[in-house]
Amino acid sequence: MAPVDPHSFADSSHPFAKRLDLSLFLDFDLKRILGSASLHLERSHTGEFFLDTRSLAVKAVSDQAGHPIPFSLFAPDAIKGSLLNVILSGQSTIAISFNTDPSASALQWLDAHQTAGKKLPYIFTQCQFIHARSIFPCQDTPLARIRYSARINIPKEMRAVMSAAHVGRSAPSPGEANGACEEGKWMMDGRVVEYFLMEQSIPPYLFALAAGDVAYEDLSPRSRVYAEPSELQAAAHEFAGTEAMIQQGEALFGPYEWERFDLLVMPPSFPYGGMENPRMVFLTPTVIVGDRSGVQVVAHELAHSWTGNLITNASNSDFWLNEGFTTYAERRIIEALEGKDCAALHIGLGWSGLKEEIERFKDRPEFTKLKTNQEGVDPDEIYSQVPYEKGFQFLWRVEQQVGRPAFDEFLKSYIAEFRFSSIDTERFVAFLKEKFQGIEEQIDLDMWLYRSGIPPDALEPTSAVLQRILTLAGGFNAGQRLTEEDSSSWQALEW
């Protein structure tokens, strides 16, 4: 018996849950979710079965026939939350009834006055890195990829969206609560149930839900943008080129496997630039600037559709496999759509950011490696641009060594080989060596992946646009004024 992930109680001797069926009643007054989760395991199991939770009130655990199953909820660990230990006797399906806490780390509840329209309250989730466990009990590790269905009970004035296919909306029906709450509560007047289905397997951190005063506009047959009504027109204008971006991604990396690529513009309190939830990307409203220069954020989240969502890091110790590959893929999309100068500007800014991060972590050099040891470490506390930019630099170095045509073929074969799976750095290295015989003699893989800092053979980028901006900035600091001509063609990134 051993943990499969430094940030999870999931045990290597236990089966993974392969499917999850959820019934969730969203209580906006008390800021909590009343829920039930049916977990379908890959095989029957006898003995202890470990699940991750954080700040959940577990009310009951039962088998498929409704018979109670013994369980215990342990005192919380500061990083991992509370171990839920369920004692199984040959079952392969378990049903858990629970309530979330108002302080649940994955949930952000907004009152109406905190939204753009100030009409209805709003909720959204952010499960990365290890916060899905605060919404429902699960094996909260990227290794435990799941498919799921969900019934979301909300006030009828609202619309819900998820990282899943929307399959219906109707008045509540008897029996749907499945233990989430009392039948009378589920069937209350003024409520509606939205139905969702995710048939592709995802790691738990990509579970996503939002609900509020949300409208939408189609961008293409497989893409639409959702936003509060007052923000919708501007959002649709900003992201009008989304379909062209998807097509470029497919040309570079192979078929888009998630059916839809929809975007949800979040309320201003969303804490990230974007979150790559499959089928429903969450975006900060700050990317809407009117000149469509927010393309970089969308390109990054789109690129995750291949690298991060389709192929996922096995644990946060291998986070560079998600973000280094995605940063590389994002810049290839930008180069194809916006030109080499624009891509070079992004690379140059990323290089500057990497050097700043190396300095920031000079007293904690472990976290300037690509493969890190995160035992006993909260992944939120060590978040940085190192996995993004050093990961990009490593892949760029490999591309320069083998040539772009060969590297493009490698990317497509890598994605085809590991699609819908979660892998570690060592599995990647084995595949790299298999495809490029002798690559370890041309590039010091150990230095790039397992040692701190920036390797001496990293390629310092050159960007004429960035150099011109830095020259102007230097002059400004010395007392020279910018002219209108100096900045007339700038977009948000230059500023």
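These legends accompany several close-up views of a predicted model.

**View 1. Ser-36 sits inside strand 2.**
Start with strand 2, which runs over residues 32-53 and holds Ser-36. Ser-36 counts as buried because its relative accessible area is 1%, under the 20% cut-off. Its side chain has a polar atom 3.2 Å from the backbone oxygen of Ala-177. A polar atom of the Ser-36 side chain also lies 3.3 Å from the backbone oxygen of Asn-178. Leaving aside residues up to four places away in sequence, the residues touched by Ser-36 include Asp-21, Leu-22 and Ser-23, then Ile-96, Ser-97 and Phe-98, and also Gly-179 and Ala-180.

**View 2. His-40 is another residue of strand 2.**
Is His-40 buried or partly exposed? With a relative accessible area of 22%, His-40 is partly exposed. The side chains of His-40 and Thr-93 make a polar contact at 3.2 Å. Beyond residues up to four places away in sequence, His-40 touches Phe-16, Ala-17, Lys-18, Arg-19, Asp-21, Ser-92 and Thr-93. Look for Gln-91 as well: 51 residues separate Gln-91 from His-40 along the chain, and their C-alpha atoms are 9.3 Å apart.

**View 3. Gln-139 lies in a loop between two strands.**
The loop links strand 7 (122-125) with strand 8 (146-155). Although it is in a loop, Gln-139 is buried, with a relative accessible area of 4%. A polar atom of the Gln-139 side chain is 3.0 Å from the backbone oxygen of Pro-15. Other residues that Gln-139 touches, not counting those up to four places away in sequence, include Phe-16, Phe-49, Phe-50, Leu-51 and Pro-204.

**View 4. Two cysteines, Cys-181 and Cys-342, are shown here.**
Cys-181 is buried, with a relative accessible area of 11%. Cys-342, by contrast, is partly exposed, at 24%. How many disulfides does the model have? The count comes to 0. As background, a disulfide is a covalent bond joining the sulfur atoms of two cysteines.

**View 5. Helix 7 is mostly covered.**
This helix spans residues 386-402, and 14 of its 17 residues are buried. At 1.5 Å a residue, helix 7 should span 24 Å, and its end C-alpha atoms are indeed 24 Å apart, so the two values agree. Just after the helix comes Gly-403, with a positive phi near 95°.

**View 6. Leu-459 lies in the loop between helix 11 and helix 12.**
Helix 11 covers 445-450 and helix 12 covers 464-477. Leu-459 is partly exposed, with a relative accessible area of 27%. Residues up to four places away in sequence aside, Leu-459 touches Trp-351, Gln-393, Trp-396, Arg-397 and Gln-400. Trp-351 is 108 residues from Leu-459 in sequence, yet the C-alpha atoms of the pair are 9.4 Å apart in space.

**View 7. The largest cavity has a lining of 14 residues.**
Where is empty space left among the atoms? Rolling a probe the size of a water molecule over them shows this. Across the whole structure, a search finds 3 cavities of 30 Å³ or more. The largest cavity holds about 160 Å³ of space. Of its lining residues, Asn-316, Phe-319, Gln-374, Ile-382 and Pro-387 lie nearest the centre.

Notes. Residues are numbered from 1 along each chain as its sequence is written. This is a predicted model: local features need pLDDT of at least 70, side-chain atom pairs count only at pLDDT 80 or more; totals for chains, interfaces and linings use all residues. Side-chain values use heavy atoms; hydrogens and water are left out. Helices (H or I, at least four residues) and strands (E, at least two) are DSSP runs, numbered from the N terminus. Buried means under 20% relative accessible area, exposed over 50%, partly exposed in between (1.4 Å probe, protein chains only). A polar contact is a pair of N or O atoms within 3.5 Å; within protein, one must be able to donate a hydrogen and the other to accept it, and residues adjacent in sequence count only if both atoms are side-chain atoms. Contact means heavy atoms within 4.5 Å. A disulfide is a pair of cysteine sulfur atoms within 2.5 Å. The expected span of a helix is 1.5 Å times one less than its number of residues. On a 1 Å grid over the protein atoms alone, a cavity is a set of points where a 1.4 Å probe fits but cannot get out, and a pocket is an open set with protein on both sides within 12 Å along at least five of seven lines; lining residues have an atom within 4 Å of a point. Grid points are joined across faces, edges and corners, and a volume is the space filled by probe spheres set on the points.
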